[in-house]
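This report describes a protein chain from its overall dimensions down to individual residues. The sequence and the coordinates are shown first, and the description follows.

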Amino acid sequence: MFPTAIAGSLPKPDWLAETQKLWPQWKVRGDELKQAKADATLLWIKTQEDAGMDIIGDGEQSRQHFVHGFLEQVSGIDFENKVKMGIRNNRYDAMVPQVTGPLKLKGRVHAFEAQLARAHTQRLLKFTLPGPMTIVDTVADRFYGEGEEGRIKMAFAFAELLNQEALALQADGVDIIQFDEPAFNVYMSEAADWGVKALERAAQGLTCKTAVHICYGYGIQANVDWKNALGQEWRQYEKVFPALAKSSIDQVSLECMHSHVPLDLLKLLEGKEVMVGVIDVASDVIETPEEIADTIGKALQFVAKNKLIACTNCGLAPMSRHVAEQKLNALTKGAELARQRFS
Ligand code: ZN
């Protein structure tokens, strides 16, 4: 009951990359970088296991950013000439690569870190990929054409590539493949119209567990300001949950800790496993086990006990390593307390 998992990313050690940044620069190059990524991955596997986590991830130590890590292995993308673009409906600016031609994988994207992680943990292994709609929102398009139609075409093109990599990750022994779709909380109608279909294309043919992570973003200032402007009730999940309930995706995440999401929206996910966010990634304050168990208790009004996974609200990438470690420990202690309370 209540297995514990992270959303995906963890902070990078200061010998690997700049710290507390969303797009950090690597500190070393070439073979040295490859070794440093491997070392950081092993370090976080051990830290997660020591904290008592049930579902382990690679902490996304081998990618600079959760979307651009994938795009680096796609041909048809100009990574040399990045342009400034407002992303997530202009919530903040990012330097993004440009799509300039037909999209094709250059080869495997995440084989190195997935196989490394698989060889070093016996626990359930989750691996994350960006979702098609979120990718489309994090690149500039110079090829697929203006408007909704171009966006949909591009999303399905990316979905095919994601599917190739996802099937290969499954063959590597990954137990859960998660697609990250924060864009679902921004373009709610489009998410319900075609975002979920593109997601299902990305997950087509997978026999391992599949998951989708939808959140209110990392704890950066632009996201904090956005959340403060969303009012007393955050109903963004309301449009996409019914489409996800009907989909083939097994697990769905949502933000619960310190969020204003009305938890009765969970009724819309009937039958799905739910990754309940019980760790706030926008605050350095460490949650108490009581607070976490209380949040799990509230979600249990709407989610079956055997379908609840205790998770972080979002990735921990821009946080300090020390805070992230403490948050992992809090997460497992909180889940343990919830098991005592609700079993
Ligand atoms: Zn997130």
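The text below moves from the chain as a whole to its sheets, its helices and its core.

## Overall form

The model is a predicted one, and the protein chain in it carries 10 helices and 10 strands. A compact globule of 343 residues would have a radius of gyration near 20 Å, and the 19 Å found for the protein chain therefore agrees with that form. Taken along the principal axes, the C-alpha atoms fill a box of roughly 55 × 45 × 40 Å. Burial, counted over the 343 residues of the protein chain, reaches 49%. Among the contacts with a separation of 6 or more, 78% are made by residues 24 or more positions apart.

## The sheet of seven strands

An open sheet is built from 7 strands, which follow one another in the order S1-S4-S6-S7-S8-S9-S10 with parallel pairing. Its edge strands are S1 (55–56) and S10 (308–312), each of which pairs on one side only. At the S1 end, the parallel pairing with S4 (residues 124–130) runs over 2 bridges, and there Ile-56 stands opposite Leu-125 of S4. Helix H5 (residues 147–171) lies across S4 and S6 (176–180), and its direction makes an angle of about 170° with that of S4.

## The sheet of three strands

A second open sheet, described here with its pairing, has 3 strands in the order S2-S3-S5, and the pairing is mixed. Strands S2 (74–87) and S5 (140–141) each have a single partner strand, so one side of each is left without a neighbour in the sheet. H5 packs on this sheet too, touching S2, S3 and S5, with its direction at about 70° to that of S3.

The mixed character can be followed strand by strand. S2 and S3 (residues 92–105) run antiparallel and are joined by 9 bridges, whereas S3 and S5 pair in the parallel sense over 2 bridges. Between S2 and S3, Val-74 stands opposite Leu-105, and Gly-86 has Asp-93 of S3 as its bridge partner. The hairpin of these two strands has 4 residues between them, and Arg-88 takes a positive phi near 50° there. On the other side of S3, the bridge partner of Val-99 is Asp-141 in S5.

The strand pairs for which bridge counts are available are set out here.

| Strand pair | Sense | Bridges |
|---|---|---|
| S1 and S4 | parallel | 2 bridges |
| S2 and S3 | antiparallel | 9 bridges |
| S3 and S5 | parallel | 2 bridges |

## Helix H5 and the nonpolar core

The largest nonpolar core has 105 residues, and those with the most contacts inside it are Phe-158, Val-274, Val-276, Val-278 and Ile-296. H5 supplies the largest share of this core, 10 residues. Phe-158, leaving aside neighbours within four places in sequence, is in contact with Leu-103, Pro-132, Ile-135 and Val-136.

Two further residues of H5 can be described in detail. Asn-163 is found in this helix and is partly exposed, because 19 other C-beta atoms lie within 10 Å, while 20 or more would be needed for a residue to count as buried. Beyond its neighbours within four places in sequence, Asn-163 is in contact with Arg-201, Ala-202 and Gln-204. The C-alpha atoms of Asn-163 and Leu-199 are separated by 9.3 Å, although these residues are 36 residues apart along the chain.

Ala-168 also lies in H5 and counts as partly exposed because it has 17 C-beta neighbours inside 10 Å. Not counting residues up to four places away in sequence, Ala-168 touches Arg-108 and Ala-111. Ala-168 and Arg-142 are 26 residues apart along the chain, and their C-alpha atoms are separated by 29 Å.

## Helix H6

Helix H6 (residues 188–202) has a kink of about 45°, centred on Trp-194. The buried residues of this helix are Glu-190, Ala-191, Gly-195, Val-196, Ala-198, Leu-199, Glu-200 and Ala-202. They pack against several elements, namely helix H4 (132–136), H5, S6, strand S7 (209–213) and helix H8 (237–245). Ala-202, one of these buried residues, is also among the contacts of Asn-163.

How values were computed
Residues numbered from 1 in each chain as written. Predicted model: local features only at pLDDT ≥ 70, side-chain atom pairs only at ≥ 80, totals over all residues. Rg over C-alpha atoms; globule rule 2.2 N^0.38 Å. Buried ≥ 20, exposed ≤ 12 C-beta atoms within 10 Å, placed from the backbone. Contact = placed C-beta atoms within 7 Å. Pairing = 2+ DSSP bridges. Axes fitted to C-alpha atoms, helices over the stretch in contact; angles between N-to-C directions. Bend = angle between axes of the 7 residues up to and from the residue. Core = buried A, V, L, I, M, F, W, Y, C linked by C-beta atoms within 7 Å.
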